[in-house]
Amino acid sequence: MHASPTDPHAPLRDDVRLLGQLLGDVLRSHQGQALFDRVERVRQLSKEARSGDASDFITLRDGLTDLDIDDAIPVARAFSYFLRLANIAEQHHRIRRRRSYEQDVDATPQRGSIEDALTRMLQTGLSKDEVHAAFCRQRVELVMTAHPTEVVRRTLLQKYTRIAELLAKRDRTSLTALERDEVINALHREVTSAWSTDEIRRAKPTPEDEAKGGLVVFEQVLWDVLPQTLRRLDEGLKKHTGKPLPFSAAPLVFGSWMGGDRDGNPNVKPETTLRVVWLARWMAADLYHREVQQLRTELSLTQGSPELHERVDGAYEPYRALLRGVRTRLAATREHMQALLEGREPNTDPIYDRLDELKEPLVLCHRSLIETGQLRIANGRILDILRRLPVFGLTLVRLDLRQEAPQHTAAMDAIVQQLGLGSYADWDEATRVDFLVRELQNNRPLIVHGFTAEGVVADVLDTLRAAAEIGPEALGAYVISMAATPSDVLVVELLQREAGVKLPMRVVPLFETRDDLVTAPDAMRALFAIPWYREKCAGKQEIMIGYSDSAKDAGRLTSAWELYRAQDELAAVCRAHQIDLTLFHGRGGTVGRGGGPTYLAINSQPPGSIDGRLRVTVQGEMIQALFGLPGVAQRSLELYTTATAWATLRPPAQPKAEWRTLMEQLGQEACDAYRGVVREHPDFVPYFRAATPEQELGGLNIGSRPARRKKGGGVDSLRAIPWVFAWTETRLMMPSWLGVGVALSGAIEQGHLPLLQEMYRDWRFFTSTIELIEMVLAKSSSQIAEAYDHVLVPAPLKPLGAEVRARLAKTIDAVKQITGHQELLENNAVLRRSIDVRNPYVDPINLVQIELLRRLRSGDTDPRLSDALLLTINGVAAGMRNTG
């Protein structure tokens with residue numbers, strides 16, 4: 001290993017240097033020496049522009065503006081590709097550092113690891129039984145969602161994974177000189193292959209394509225990493241508490257929205273949902289089939305328990321005899337799903353439709369091994385399979401369905417009108433609730449023979465009929481977007497019954513906007529006051545809270561506070577009604593959409609709001625970032641597991657009254673400042689469209705879901721993801737900080753700086769909020785944002801841009817006063833250096849993008865311009881490490 005005893009990050013720099021050299025070789029051999037020299041000149045100018053005066057930046061800008069399109073494309077690609085390679089090296093370095101912690105038996109365990117968590121939990125006075133019980137009953141569900149701004153093709157992601165694997169191989173100290181040379185040659189081939197691959201998606205992905213991409217992570221990474229993680233937890237619990245993790249425990253499970261999320265996506269049809277479930281069941285059957293085949297090879301034992309021998313009529317190799325039938329049935333299940341996907345009539349061979357049918361023979365084998373003294377074998381592959389069963393089930397993931405509340409209202413309105421009962425849509429809330437409860441309490445069908453539905457109504461009903469066909473084991477929650485009232489929940493309960501869903505999906509209201517978050521506790525209180533619903537929910541309730549739309553609606557600081565307060569109050573409402581609450585966090589990848597470090601985010605939630613139960617979305621690009629490599633995936637799963645346990649066993653104290661009072665003031669002032677620009681300034685919408693690539697994003701083949709919920713409209717109709725994406729591209733990062741500076745500087749001027757510093761020091765929520773905003777500010781670039789305005793924004797709109805950048809500077813100053821930092825990220829040198837290293841590579845991509853936007857908007861019809869623009873979008877996303 002090329003490690004330095006004094007500098008743990010020397011190997012990372014070595015990897016980046018090597019990959020940069022290989023890229024340089026590729027540029028020279030494929031594009032010519034002239035292009036390589038041009039890229040090097042731009043790189044040097046960009047570094048000088050970062051450290052020099054304004055004239056250096058102008059020289060860089062003018063040089064890139066004058067590039068011919070034939071030169072602009074490879075230059076942008078070169079910088080973009082280097083950033084991708086740097087990202088791969090950084091991910092691999094995370095794995096390297098983790099292994100370094102584990103190799104040093106005298107070192108303090110890595111923060112957030114299972115060993116670290118168990119050690120510290122017991123040191124704080126928790127009993128062994130408390131700790132063991134917490135992990136055994138814990139349930140964290142990671143819900144994978146498609147990402148409308150996932151910009152990297154799956155083909156390239158696979159190449160990047162191979163590059164990471166080769167970097168890991170290069171770390172081996174036992175390599176001979178010849179083997180080391182072969183690793184370098186293999187890296188050279190992969191870098192060359194990736195450079196020669198078209199990185200532009202030529203066709204818009206379908207929802208089924210997105211689901212296939214999501215399932216690849218399960219097949220290639222999570223299928224193996226999950227049992228490895230649970231094995232670590234099992235060993236840790238035995239070491240620290242003396243008791244193992246039962247194989248029936250599922251502290252981590254997985255859900256998905258891919259193929260089930262139809263909120264504003266007309267491309268998700270009922271047949272899409274069916275096909276995605278069949279696809280997941282095919283893959284699950286195939287993966288289990290491989291495991292059982294390997295297990296049969298291993299279990300050649302002739303001695304089994306009397307129960308096992310009796311089951312197989314005394315077969316000489318009882319385990320193999322029993323598992324032969326399991327293997328055959330799994331193969332039949334896989335073939336059945338294949339037939340459905342291909343539109344063929346499946347054969348009638350028995351398949352697995354219920355998990356307990358697959359579990360029973362495997363448990364029998366495991367029990368037999370234990371009874372006959374084969375403990376070592378019992379704790380091997382068969383235990384890993386048994387641990388997978390409660391996590392992956394028969395479908396790998398449980399599919400949620402999501403639809404907007406107004407669509408359910410429209411469906412029920414059509415049903416009520418055909419019954420001659422008036423217009424459900426026109427009824428007030430009390431009338432709706434009375435009608436829904438009355439119908440839920442009797443069994444008469446509402447949909448009469450001959451009723452025909454069209455459009456939205458047909459889609460709602462056909463989707464629920466598809467759910468009835470799919471069955472409960474493959475499905476998770478039914479999420480209602482834009483939920484606001486008890487009737488929004490009750491109508492879905494009734495529609496499920498009308499569609500023939502025998503075991504109804506749990507219905508989950510999603511509260512998204514600031515106003516909805518404020519009224520959510522009252523809405524749930526009213527729902528729990530309905531006797532029918534109290535009995536139906538059986539003491540359990542899941543509620544989803546939306547980070548993206550609340551931040552887009554009111555700004556990041558206000559959103560963070562309203563989400564905190566809503567969780568606190570919702571937890572109190574559920575406790576008062578003796579209902580176990582599961583909060584479902586709709587977090588995005590960026591800070592502007594609720595993203596941020598996992599451990600910090602979970603442990604900054606209100607006390608009592610987690611209590612061993614947590615659901616959270618993992619969106620498109622974050623799936624790859626968190627689970628794309630086995631070593632990173634294992635670390636990610638550990639962090640979700642240990643952070644949830646910490647938040648449950650050692651929740652933060654309630655914040656002081658004066659903290660809450662000041663936070664209330666900050667939230668309102670930040671919201672007023674944010675909306676004063678985004679909603680009330682007459683020039684904002686035209687400025688936004690001129691200063692960012694928002695208009696052009698809609699025409700790119702990035703995701704299956706439209707960028708807007710409806711055609712036309714301003715910011716309100718734009719989805720939260722492209723809203724953040726557009727500002728990320730210009731490096732202004734405005735959604736993550738706008739309003740913050742006004743609120744914080746105002747409080748400082750009122751003499752509240754000592755209190756703000758106390759909150760930053762002692763309140764996890766406020767610490768997390770400020771540190772995330774600080775990270776975004778460090779990534780922002782006022783100079784680059786001004787360059788967009790200089791070229792793209794009409795003169796009458798430029799004062800607004802100048803005002804926004806002035807607010808950025810004010811925000812940076814206020815944050816530094818609160819943190820006590822002289823420079824942003826002063827306490828995170830690794831991230832600070834990562835950003836500083838990236839900036840000279842991202843800046844040229846931005847400047848090329850500006851020129852491309854200018855040419856496109858001036859009417860230039862060169863078809864290569866759109867391709868070049870997407871290349872720059874990919875490049876900036878790589879440099880910023882996220883999109884939306």
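Helices α20 and α22 are oblique to each other. The angle between α20 (residues 514–528) and α22 (residues 547–554) is about 120 degrees, and their axes lie 8 Å apart. On the side of α20, the contact is made by Arg514, Asp515 and Leu517, while α22 contributes Ser550, Asp553 and Ala554. Sorted by class, the residues of this contact comprise two nonpolar, one polar and three charged. The orientation counts as oblique because an angle of about 120 degrees falls outside the range of 65 to 115 degrees for roughly perpendicular and is not over 145, the bound for roughly antiparallel. The model described here is a predicted one.

Helix α20 also has a place beside the strands. It lies across β5 (506–511) and β6 (540–546), and its direction is at about 150 degrees to that of β5. These two strands belong to a barrel, into which eight strands close in the order β1-β2-β3-β4-β5-β6-β7-β8, with parallel pairing. On average, and with direction ignored, neighbouring strands of this sheet are turned by 25 degrees against each other. A second helix, α15 (residues 381–392), packs on the sheet as well, where it touches β2 and β3; the direction of α15 makes about 40 degrees with that of β2.

The pairing of individual strands can now be followed. In general, the strands of a sheet pair through backbone hydrogen bonds, in either a parallel or an antiparallel manner. In this barrel, strand β2 (residues 252–256) runs parallel to β3, and two bridges join them. Here Gly255 stands opposite Arg398 of β3. Strand β3 is also paired with β4 (residues 475–481), again in the parallel sense, over five bridges. Across this pairing, Leu399 faces Leu475 of β4. Further along the order of the barrel, β7 (residues 580–586) and β8 (residues 613–619) are parallel partners over two bridges. Phe584 has Arg615 in β8 as its bridge partner.

Strand β3 deserves a closer look. What share of this strand is buried? Seven of the seven residues in β3 (residues 398–404) are buried. Both of its faces are covered: one side carries Arg398, Asp400, Arg402 and Glu404, the other carries Leu399, Leu401 and Gln403, and all of these residues are buried. Two of them have already appeared in the pairing, namely Arg398, which is set opposite Gly255, and Leu399, which is set opposite Leu475. Strand β3 is thus touched by helix α15, joined to β2 by two bridges and paired with β4 over five.

Methods
Residues numbered from 1 in each chain as written. Predicted model: local features only at pLDDT ≥ 70, side-chain atom pairs only at ≥ 80, totals over all residues. Heavy atoms only, no water. Buried < 20%, exposed > 50% of the residue type's maximum accessible area, 1.4 Å probe, protein only. Helix = DSSP H or I, 4+ residues; strand = E, 2+ residues; numbered from the N terminus. Pairing = 2+ DSSP bridges. Axes fitted to C-alpha atoms, helices over the stretch in contact; angles between N-to-C directions. Parallel < 35°, antiparallel > 145°, perpendicular 65-115°, else oblique. Contact = heavy atoms within 4.5 Å. Nonpolar A, V, L, I, M, F, W, Y, C, P; charged D, E, K, R; others polar.
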